[in-house]
Amino acid sequence: MQYSFIKDKISKGWSYPLKRDLLDNELNSLPKPLIHSVYYLHCICHDFEKACVFKSAFQGSFDLLYPNMYSLCVYSVPSTLKKEISCQIQEIVLPHFISWISSLEAASPTKRSWRHVFEYIYSNGSLIYVTEAMRRARPKYRLRPSKQYFTGK
């Protein structure tokens, strides 16, 4: 499967919960190549509770760069939780992800024209699927640019 791949370096005490070869095995079960990029990103958070572990976005048919393609992000987890989260990703998340892609591929053109997001977060020892309603209810955090952003100093 051809896709662009970006992997962040991670600090000590963190690991990626999904090996690339396991991901490739699942993605090869798709009827045609639909993934344009895979990111392994380092999750920088002090409290890992309710942190995103696996996320994918369908770009929709109106996207100018990658219409009707998917991007995928796997986030780093604390090394102490790697085995537990890895098992849950293989048993729950990946089969659900493949069925999510299959359902979007079979959806009407109207539904496929919009952006869709597939996301699992870690909470209370298990992975939880984030629905659209849950995503809308989450507060939006905005970062304030520093003073030097505006002044260049």
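Q: Which residue lies over the face of Phe5?
A: Ground rules for this predicted model: local features need pLDDT of at least 70, side-chain atom pairs count only at pLDDT 80 or more, and totals for chains, interfaces and linings use all residues. Residues are numbered from 1 along each chain as its sequence is written, and side-chain values use heavy atoms, with hydrogens and water left out. A charge sits over a ring if NZ of Lys or CZ of Arg is within 6 Å of the ring centre and within 35 degrees of the ring normal. At 3.9 Å from the ring centre of Phe5, the residue over the face is Arg20.

Q: Over which residues is the pLDDT below 50?
A: pLDDT is the predictor's confidence in each residue, from 0 to 100; the protein has a mean of 83, and 82% of its residues reach 70 or more. One stretch falls below 50, and beyond near neighbours in sequence it has two contacts (heavy atoms within 4.5 Å). Where pLDDT is low, the predicted coordinates should not be read in detail. The stretch in question is residues 141–153.

Q: In what order do the six strands of the open sheet run?
A: Strands here are DSSP runs (E, at least two residues), as are helices (H or I, at least four), numbered from the N terminus, and two strands pair if DSSP finds at least two bridges between them. Strand 1 (4–7) and strand 8 (126–129) each pair on one side only, which makes them the edges. The pairing is mixed, and the order is 1-3-5-4-7-8.

Q: How many residues of strand 5 are buried?
A: Buried means under 20% relative accessible area, exposed over 50% and partly exposed in between (1.4 Å probe, protein chains only). In a regular strand the side chains alternate between the two faces of the sheet. Here Tyr70, Leu72 and Val74 point one way from strand 5, while Ser71, Cys73 and Tyr75 point the other way. Strand 5 is largely enclosed by the rest of the structure, because the buried count is six of the six.

Q: Which residue in strand 5 is the bridge partner of Lys55?
A: Strand 5 pairs with strand 3 in the parallel sense over six bridges, and there Ser37 is matched with Ser71. With strand 4 the sense is antiparallel, over five bridges. The partner of Lys55 is Cys73.

Q: What is the angle between the ring planes of Phe54 and Phe97?
A: Rings of Phe, Tyr and Trp (its six-membered ring) pair if their centres lie within 6.5 Å; planes under 30 degrees apart are stacked, over 60 edge-to-face and the rest tilted. Phe54 is in strand 4 (residues 51–58) and Phe97 in helix 2 (residues 82–105), so the pair ties together parts 43 residues apart in sequence. Both residues are buried. Their centres are 5.4 Å apart and the pair is edge-to-face, because the planes meet at 75°.

Q: Which residue forms an edge-to-face pair with Tyr70?
A: Tyr70 is in strand 5 and its partner in helix 2, so parts 30 residues apart in sequence get tied together. Tyr70 is buried at 0% relative accessibility, and its partner is also buried, at 10%. With 5.7 Å centre to centre and 70° between the planes, the partner is Trp100.
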